[in-house]
Amino acid sequence: MPVVPSNIELRTSVDAVEPLMLVGFFSGWPLPPTPNTHLEILRNSSYVVIAVDTMTAQVVGFINCISDGILSAYIPLIEVLPEYRGKGIGAALLETLLLTMPNFYMIDLCCDAALEEFYSKLGFQQTTGMIRRQYRSQSGLFEIERGDQ
Ligand SMILES: CC(C)(COP(=O)(O)OP(=O)(O)OC[C@H]1O[C@@H](n2cnc3c(N)ncnc32)[C@H](O)[C@@H]1OP(=O)(O)O)[C@@H](O)C(=O)NCCC(=O)NCCS
């Protein structure tokens, strides 16, 4: 397990998390999910790991995974807040997730070429994938249903 700063606590539950602890994520997204929606995303995920700065009680990194519980798991999101990057937190989130969930046959994710090194260090291999994006839904279906946009 990579060493993280002593003020960083890794948790596999979001039970004690409130939306105000989730500010600052989805950096660079034109239509980001709100902290409320972010918390719903984490609650609805099959597995989640968060990194909490115990000095500020803020979540500073997270990873989530959705799975059929038998064969396949998909990692849609991992993010560490910019000021906390380069300290081993991203690797610790991914490694903790892999230790937390069962040994599924398929554990898949998509990433930019720049991040292939980050993932290959943790046992992932390069492949070819296809994706479909519906940008109107980028902030999440909840917000569309509530008419927030
Ligand atoms: C990708 C991300 C989660 C990495 O988190 P992090 O806490 O900075 O990563 P770590 O400090 O644990 O780095 C682990 C290793 O990966 C390497 N690494 C981290 N980010 C990298 C990058 N962008 N490109 C290449 N290598 C990278 C580190 O150098 C480190 O290598 P080392 O073990 O040899 O020292 C973080 O940069 C981030 O949130 N980026 C924005 C969101 C994003 O791109 N998410 C991924 C979507 S697929």
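This is a walk through a ligand, the residues around it and the two largest pockets of the protein. The model you are looking at is predicted.

Let us begin with the ligand. It is surrounded by 17 residues. The closest of them are Val80, Gly86, Gly90, Ala91 and Lys121. If you sort this shell by residue class, you find 10 nonpolar, three polar and four charged residues.

Now look for the places where polar atoms of the ligand and the protein come together. One nitrogen atom of the ligand is 2.8 Å from a polar backbone atom of isoleucine 78. Alanine 114 also offers a polar backbone atom, which is 3.1 Å from a nitrogen atom of the ligand. With lysine 121 the side chain takes part: an N or O atom there is 2.7 Å from an oxygen atom of the ligand. How much of the ligand's area does the protein bury? Taken alone, the ligand exposes 910 Å², and the protein buries 63% of that.

Next, step back to the helices and strands. Three elements give two or more residues to the shell around the ligand: the strand β4 (72-80) and the helices α2 (89-100) and α3 (116-120).

Where does the ligand sit? The space it takes is the largest pocket. That pocket has a volume of about 1,700 Å³ and a lining of 43 residues. Nearest its centre lie Phe26, Trp29, Pro76, Leu77 and Ile78. You have already met Ile78, whose backbone has a polar atom 2.8 Å from a ligand nitrogen.

Which element gives the most to the lining of the largest pocket? That is β4, with seven residues. At least two residues each come from α1 (35-44), β3 (58-67), β4, α2, α3 and α4 (141-146). By class, this lining has 23 nonpolar, 13 polar and seven charged residues.

Finally, turn to the second largest pocket, which has a volume of about 700 Å³. It is lined by 24 residues, and Leu109, Phe124, Gln125, Gln126 and Thr127 are the closest to its centre. Here β5 (106-108) and α3 each supply at least two residues of the lining. You may recognise α3, as this helix also supplies at least two residues to the lining of the largest pocket. The lining of the second largest pocket divides into 14 nonpolar, seven polar and three charged residues.

Technical notes
Residues numbered from 1 in each chain as written. Predicted model: local features only at pLDDT ≥ 70, side-chain atom pairs only at ≥ 80, totals over all residues. Heavy atoms only, no water. Near = heavy atom within 4 Å. Polar contact = N/O pair within 3.5 Å; in protein donor to acceptor, adjacent residues only side chain to side chain. Areas by Shrake-Rupley, 256 points an atom, 1.4 Å probe, with all protein chains shown as cover. 1 Å grid on protein atoms, 1.4 Å probe; cavity = no way out; pocket = protein on both sides within 12 Å on 5 of 7 lines; lining within 4 Å. Sits in = over half its atoms within 2 Å of the grid points. Helix = DSSP H or I, 4+ residues; strand = E, 2+ residues; numbered from the N terminus. Nonpolar A, V, L, I, M, F, W, Y, C, P; charged D, E, K, R; others polar. Points joined across faces, edges and corners; volume = space filled by probe spheres on them.
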